[in-house]
Amino acid sequence: MNNPVIRILGGGKEVGRMSVLVRRSKEDKHGILLDAGVNFDDEDRPVFAATYPPKYVDAIVMSHAHLDHIGTAPMYFISGSPKVYATRPTAQMAKLMLEDFLKLNGYYSPYEHREVKALLDAVEYVRYGQRIDIDGVELSVYSAGHIPGSTFSVIDIDGVKIGFTGDINTIETKLMKPAHLDSIGKVDVLITEATYGSSLHPPRARAEERLLSIIEEVIDRRGTVLIPAFSIARGQEIMMILAEHDPGVPVYVDGMIRKVTEIFLENSEYINNPSLLRKAFNEFNIVKGWRDRNRAWKHPSIIIASAGMLKGGPSLYYLKRIGGNPKNAVILVSFQAPGSHGRRVVEEGLMPGSEEPVRARVEWLDFSSHADRKGLLEVVKATKPREVVIIHSEEDVAQKYAEYLQETGVPEKVVIGENNSDIPIEL
């Protein structure tokens, strides 16, 4: 029996830029690529994952459509033509995200629209529970509970099962059911994200109550609430919370959130409560142009807008319009990367690109779609691996999670993945 080899191409001791290659053995050059993402540096320039010779990549499995998991994937179509596997909503959202990426970062990208099209044309849709043969290697995919269409992959190489979480969540939210851990079964090796491997999230119900309480306080004083949110999943989650609790003022939805919501509704089997999302989409005001945008912030209202870290797009426009008035509020519900506009607003209280103070009330609430330390341990206990490989985690967090796992005694071996390194699987 061959000893499979895992190569970390991205995501080692860092959050994002996820990319992992699995080969049958050290001698076999061919492999299956699990994600191929991109990060951004302090100047907001893309930092791509390392790549592997495309002629040896038999297939790419895209766990979900966030750029930190797919932003490097089109590179493999500059000189190659691997098979691509993804769920239907992942492929549809990947088109939106990659086209938007090229619009904003095309100058720095080694690939163009032609390679994005080739990637998307190569996609074969997969469904949860399906098993696919890739040149003698069996791939199975299950729900990861992260966003609609996200997958937990299991690669079976000659009886050795390697699990890959992608991004994973183990709690129920308005939008998502938890990861289907009971369906996955035992694996020999678990390659796991550990973004929040050293911390615990507050109960989701408490975060929802806090959100609604802040909104009520602001609306009572005739203010406007801006909620910058990631276009994929976070925006829809907030829409559903508000649709369940009538806030009493107009709700506006602006940016790519609209197109992503349409994709979700077309793929309703991937959503926890499609009727609630449809209610929100039908009842809220969908911003379709500058006339709507100019009207939205001039009276008491709630505005859910892309982008979640105030990188640009409509959320930055609205912040500049309402941020100077103390009766208004900005509620951040997405991850705020160090150096991002959103992080600066939280930590320094300054408007992006200026020294002007933000006078509106600023709150940052935890609506993460990643499992915390407790949830990640649930994944390990459910899959019972001999070995755990930790990626998609800052180095100090990965170290703390590794120590935590070793204390529990669940896996025999814990490895912190490093970029551009091979991890041989010992049988």
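**Exercise 1. Find the domains in this predicted model: which residues belong to domain 1, and which to domain 2?**

Solution. Start with domain 2, which is a single stretch, 204–364. Now look on either side of that stretch: domain 1 is made of 5–199 plus 369–424. Next, find the centre of each domain from its C-alpha atoms; the two centres are 29 Å apart.

**Exercise 2. Work out how the two domains meet. How many residues of each are in contact, and how much area do they bury between them?**

Solution. Step one is to count residues: 27 from domain 1 are in contact with 26 from domain 2. Step two is the area, which comes to about 2,400 Å² buried between the domains. Carbon and sulfur atoms account for 62% of that. Step three is to see who gives up the most on the domain 1 side: Leu-96, Lys-174 and Leu-175 lose the most area to domain 2, and together they make up 33% of what that side buries.

**Exercise 3. Look at the polar side of the meeting place. How many salt bridges link domain 1 and domain 2, and what is the partner of Lys-174 in one?**

Solution. Count the salt bridges between the domains and you get four. Now zoom in on Lys-174: its salt-bridge partner is Glu-244, with 3.3 Å between the closest N and O atoms. Then widen the search to polar contacts, and twelve residue pairs turn up between the domains, both residues at pLDDT 80 or more.

Which element gives the most to the side of domain 1 that touches domain 2? Helix 2, residues 88–105, does, supplying seven residues. Sorted by class, that side of domain 1 has 14 nonpolar, six polar and seven charged residues.

**Exercise 4. Step back to the whole protein. How many helices and strands does the protein have, and why can it be called as compact as a globular protein of its length?**

Solution. First, the tally: 13 helices and 22 strands. Second, take the radius of gyration, 21 Å, and set it beside the 22 Å that the globule rule gives for 427 residues; the values are close, so the protein is as compact as a globular protein of that length. Third, check the span: the C-alpha trace covers about 70 × 50 × 40 Å along its principal axes.

**Exercise 5. Hunt for backbone oddities. Where is the cis peptide bond, and what is the phi of Asp-35?**

Solution. Recall that most peptide bonds are trans, and most residues other than glycine have a negative phi. Now go to Ser-306 and Ala-307: a cis bond joins them, with omega about 10°. Ala-307 sits in the loop between strand 17 (302–305) and helix 10 (313–322). Finally, Asp-35 is not a glycine, yet its phi is positive, about 70°. You'll find Asp-35 in the loop between strand 3 (31–34) and strand 4 (38–40).

Definitions and conventions: Residues are numbered from 1 along each chain as its sequence is written. This is a predicted model: local features need pLDDT of at least 70, side-chain atom pairs count only at pLDDT 80 or more; totals for chains, interfaces and linings use all residues. Side-chain values use heavy atoms; hydrogens and water are left out. Domain bounds come from an automatic or database domain assignment. Contact means heavy atoms within 4.5 Å. Buried area is the accessible area (1.4 Å probe) that two parts lose on being put together, summed over both. A salt bridge is a side-chain nitrogen of Lys or Arg within 4 Å of a carboxyl oxygen of Asp or Glu. A polar contact is a pair of N or O atoms within 3.5 Å; within protein, one must be able to donate a hydrogen and the other to accept it, and residues adjacent in sequence count only if both atoms are side-chain atoms. Helices (H or I, at least four residues) and strands (E, at least two) are DSSP runs, numbered from the N terminus. Ala, Val, Leu, Ile, Met, Phe, Trp, Tyr, Cys and Pro count as nonpolar, Asp, Glu, Lys and Arg as charged, and the others, Gly among them, as polar. The radius of gyration is taken over C-alpha atoms; the globule rule is 2.2 Å times the number of residues to the power 0.38.
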